[in-house]
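Got a minute to walk through a fold with me? Take a look at the sequence and the model below, and then we'll go through some questions.

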Amino acid sequence: FVLSGQVTDENAEEIARFIQLSGFSALLCEISNGKRLEKYFDSDGFSVYVSNIMKYSPKERLPSSEGTLTKNPPLDEVFRIVSRAFELDYESWYVDASHRLRHGVSDYYTFSGVSTVVCAFDIRDRVFLSQVATVPSERGKGSATKMLGLLCSELTSEGKEISLICLDQRLEFYKKAGFVPIGKAWNIKRSIRK
C-alpha cells in the first residue's frame with residue numbers, strides 16, 4: 001500500500017486496523033503519518049523503518065555498459081534473482097507480478113541473467129524502481145550498477161522521471177548510480193509467514 005492524505009490522531013487507529021485487515025505486505029507513507037500509525041504496528045509480525053526517497057539525476061551521462069538488459073523475461077527467472085535478496089512468497093509475488101505485467105503497469109528487467117530490477121510503476125512518464133537485486137555469487141562486480149545505467153539511460157531518453165526508495169545502507173550505492181536523495185518515507189513490512 002501507498003498511503004497518501006492526512007492521518008490524524010482521531011483516525012489513526014481506524015486506518016491502522018483497516019490496513020492490517022487487508023493482509024498487506026508493505027506500507028509506505030509520509031513520516032508524519034507513519035509516526036501516528038507506528039504504535040498500532042508494534043509487534044513481532046511487523047518491521048517499521050524509515051527509508052530514503054531517491055530521484056535519478058546524474059550529473060553526467062553514465063557510460064554505456066556491456067551486458068544484456070532483457071525486458072519482461074519469464075517471471076520465474078526474475079523471481080530466481082529477487083528471492084535471493086528479498087523475503088518473498090512465490091505465490092503472492094507471482095500473482096501480483098503477472099497481474100501488473102498483464103495490465104501494463106509494471107515491467108521486469110534482468111541484466112545478463114544475474115541482476116534484476118522491477119519498474120514497479122510506469123505511469124504518466126513517472127517510473128518507480130524496486131527490487132534491485134543481484135545473485136549472491138555476482139554481488140560486488142558492478143552488475144547492478146551497469147543494469148541501472150542502461151535502464152535509466154533508456155528511460156530518460158524516453159522523457160521519463162525515475163525514482164526509488166532505499167535504506168540508509170544502500171544510499172551510497174544509488175548515489176554512485178546517479179540518484180540523489182529528495183526526502184524520507186516511513187515504511188512498515190509484514191513478515192511473511194512460512
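## Sheet, hairpins and a packed helix

Q: In what order do the eight strands of the open sheet run?
A: Keep in mind that this is a predicted model. The sheet is open and its pairing is mixed. Its edges are strand 1 (26-29) and strand 3 (69-71), each of which pairs on one side only. Neighbouring strands are turned against each other by 30° on average, direction ignored. Reading across, the order is 1-8-2-7-6-5-4-3.

Q: Strand 2 pairs with strand 8, but over how many bridges?
A: Strand 2 covers residues 46-56, strand 8 covers residues 179-190, and the two run antiparallel. One pair to look at is S51 in strand 2, whose bridge partner in strand 8 is A185. The count for strand 2 with strand 8 is 11 bridges.

Q: Which residue of strand 7 stands opposite K55?
A: Strand 2 also pairs with strand 7, in the antiparallel sense and over four bridges. Look across from K55 into strand 7 and you land on S163.

Q: Do strand 6 and strand 7 pair in the parallel or the antiparallel sense?
A: Strands of a sheet can pair either way through backbone hydrogen bonds. Here, strand 7 (residues 161-166) joins strand 6 over four bridges, and L129 has L164 in strand 7 as its bridge partner. The sense of the pairing between strand 6 and strand 7 is parallel.

Q: Which residue takes a positive phi near 50° in the hairpin of strand 4 and strand 5?
A: Strand 4 and strand 5 run antiparallel, joined by five bridges, and F111 stands opposite S115 in strand 5. The hairpin has three residues between its strands. Most residues other than glycine have a negative phi, so a positive one is worth a look. The residue in this hairpin is S112.

Q: Is S112 buried, partly exposed or exposed?
A: S112 sits in the loop between strand 4 (107-111) and strand 5 (115-123). Its relative accessible area is 40%. Buried would need under 20% and exposed over 50%, so at 40% S112 is partly exposed.

Q: What phi does D125 have, although it is not a glycine?
A: D125 is found in the loop between strand 5 and strand 6 (126-134), and it is partly exposed, with a relative accessible area of 41%. In the hairpin of those two strands, which has two residues between them, R124 takes a positive phi near 50°. For D125, the positive phi is about 65°.

Q: Which residue of strand 6 is the bridge partner of S115?
A: Strand 5 and strand 6 pair in the antiparallel sense over seven bridges. S115 is also the residue of strand 5 that F111 stands opposite. In strand 6, the bridge partner of S115 is T134.

Q: At what angle does helix 4 run to strand 4?
A: Helix 4 (residues 90-102) lies across strand 4, strand 5 and strand 6. Its direction relative to strand 4 is about 110°.

Q: Why do the buried residues of helix 3 lie on the same side?
A: The buried residues in helix 3 are L75, V78, F79, I81 and V82. In an α-helix, residues three or four places apart point the same way. The buried ones of helix 3 are on the same side because they cover an arc around the axis of only 160°.

Q: What do the buried residues of helix 3 pack against?
A: Their partners include another helix as well as strands. The full list is helix 4, strand 4, strand 5 and strand 6.

Technical notes. Residues numbered from 1 in each chain as written. Predicted model: local features only at pLDDT ≥ 70, side-chain atom pairs only at ≥ 80, totals over all residues. Heavy atoms only, no water. Buried < 20%, exposed > 50% of the residue type's maximum accessible area, 1.4 Å probe, protein only. Pairing = 2+ DSSP bridges. Axes fitted to C-alpha atoms, helices over the stretch in contact; angles between N-to-C directions. Contact = heavy atoms within 4.5 Å. Arc of directions from axis to C-beta.
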